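These entries record what I looked up in the structure, topic by topic. I began with one buried charged side chain and followed its surroundings from there.

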Amino acid sequence: MMSHNKLIQATNNALKRWPFIQQDLMIRVQHIQEAEFFLLEILDCCLIVYHPYRPLNQLMAEMAREHKDLDTISAYAWKICNDCTRTDLSLMYPPHQIAIACILIASVWTNRDKELKNWFAELAVDFEKILEIQKIIINLYSVWKTFDEKEQLVAILQKIPRPNPGPQATNAPMMQAQHSHGGLSVPNMNVHQGVTMGPPHMPPTGGMKYETH
């Protein structure tokens with residue numbers, strides 16, 4: 001799991017790739033924590049995601065019993081599986097369906113789809129779902145091919161809602177490390193400031209009166 005500091009550092013490194021973005025971006029740890037709760041709510045607190053690599057290996061092993069020279073198809077299918085992790089397919093479809101879609105696309109790329117047609121037909125799977133997965137993967141490659149960062153990325157970032165920083169505390173010390181990218185500032189907060197360890201101090205008992213009944 002990525003820590004907050006690593007996430008902030010990764011954001012800074014990503015923004016260095018886009019020097020044409022001229023906007024202020026304040027990253028605070030509390031904003032990241034709030035976003036994590038929203039993400040947990042969307043995922044219904046289900047943090048287990050099954051990847052399609054294991055069913056991909058199993059399917060390729062079964063295919064190898066009937067067909068030969070599958071190294072190229074296997075390499076392409078593995079690459080497509082890697083690209084699927086950049087989408088939300090693993091949150092929408094079972095892993096075996098994603099693996100079948102990757103193998104099917106790889107067979108088309110290698111011009112062996114007609115040869116493997118009967119093998120795919122024997123699979124007990126909903127091919128309407130496979131077609132949906134294929135469309136998402138193909139759309140992903142289409143976006144990568146036609147996407148222009150300088151023209152489209154700025155408009156996308158402007159649609160992202162910004163957190164309300166709220167009033168700044170006057171007595172809370174905070175050091176902000178200013179970075180050279182477009183006014184990007186990341187607070188470097190020392191969480192141990194003002195924290196005392198051990199039991200709390202007890203009030204003096206000299207002025208207290210005790211009554212007996």
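**Entry 1. Arginine 112.** I note at the outset that the model is predicted. I first looked up what the side chain of arginine 112 reaches, and found the backbone oxygen of lysine 68 at 3.0 Å. The same side chain makes a polar contact with the side chain of glutamate 115, at 2.9 Å. I then placed arginine 112 in the chain: it sits in the loop between α5 (95–109) and α6 (117–121). Is arginine 112 buried or exposed? Its relative accessibility is 15%, so I entered it as buried, the limit being under 20%. Setting aside neighbours within four places in sequence, I listed its contacts as His67, Lys68, Asp69, Leu70, Ile73 and Ser107.

**Entry 2. Two positive phi values.** Aspartate 69, one of the contacts of arginine 112, has a phi near 55°, which is positive although the residue is not glycine. Aspartate 69 belongs to the loop between α3 and α4, and I recorded it as exposed at 66% relative accessibility. I found a positive phi again at asparagine 111, near 60°, and this residue is likewise not glycine. Asparagine 111 is in the loop between α5 and α6. With a relative accessibility of 67%, asparagine 111 counts as exposed.

**Entry 3. Helix α4.** I checked the length of α4, residues 71–84. Its 14 residues should span 20 Å at 1.5 Å a residue, and the C-alpha atoms at its ends are 20 Å apart, so the two values agree. Which residues of α4 are buried? I listed Ile73, Ala77, Ile80, Cys81, Asp83 and Cys84. These residues cover an arc of only 160° around the axis and therefore lie on the same side of α4. I then looked up what covers them, and the elements include α3 (53–64), α5 and α7 (127–146).

**Entry 4. Salt bridges.** How many salt bridges does the structure hold? I found two. In one of them, the side chains of lysine 79 and aspartate 83 meet at 3.3 Å, N to O. Lysine 79 and aspartate 83 are four residues apart in helix α4, so about one helical turn separates them. I recorded lysine 79 as partly exposed, with a relative accessible area of 43%, whereas aspartate 83 is buried at 10%. A salt bridge also joins arginine 112 to glutamate 115, with the closest N and O atoms 2.9 Å apart. Here glutamate 115 is partly exposed, with a relative accessible area of 43%, while arginine 112 is buried.

**Entry 5. Aromatic pairs.** I counted five aromatic pairs in the structure. Tryptophan 109 and tyrosine 141 form a tilted pair, 5.7 Å from centre to centre with 50° between the planes. This pair links distant parts of the chain, since tryptophan 109 is in helix α5 and tyrosine 141 in helix α7, 32 residues apart. Tryptophan 109 is partly exposed, at 40% relative accessible area, and tyrosine 141 counts as buried at 17%. I next examined tryptophan 119 and phenylalanine 120: their ring centres are 5.2 Å apart and their planes stand at 80°, so I entered the pair as edge-to-face. Tryptophan 119 is buried at 6% relative accessibility, and phenylalanine 120 is buried at 5%. Lastly, I noted that Tyr76, Trp109, Tyr141 and Trp144 form one aromatic cluster.

Conventions: Residues are numbered from 1 along each chain as its sequence is written. This is a predicted model: local features need pLDDT of at least 70, side-chain atom pairs count only at pLDDT 80 or more; totals for chains, interfaces and linings use all residues. Side-chain values use heavy atoms; hydrogens and water are left out. Buried means under 20% relative accessible area, exposed over 50%, partly exposed in between (1.4 Å probe, protein chains only). A polar contact is a pair of N or O atoms within 3.5 Å; within protein, one must be able to donate a hydrogen and the other to accept it, and residues adjacent in sequence count only if both atoms are side-chain atoms. Contact means heavy atoms within 4.5 Å. The expected span of a helix is 1.5 Å times one less than its number of residues. The arc is that of the directions from the helix axis to the C-beta atoms. A salt bridge is a side-chain nitrogen of Lys or Arg within 4 Å of a carboxyl oxygen of Asp or Glu. Rings of Phe, Tyr and Trp (its six-membered ring) pair if their centres lie within 6.5 Å; planes under 30 degrees apart count as stacked, over 60 as edge-to-face and the rest as tilted.
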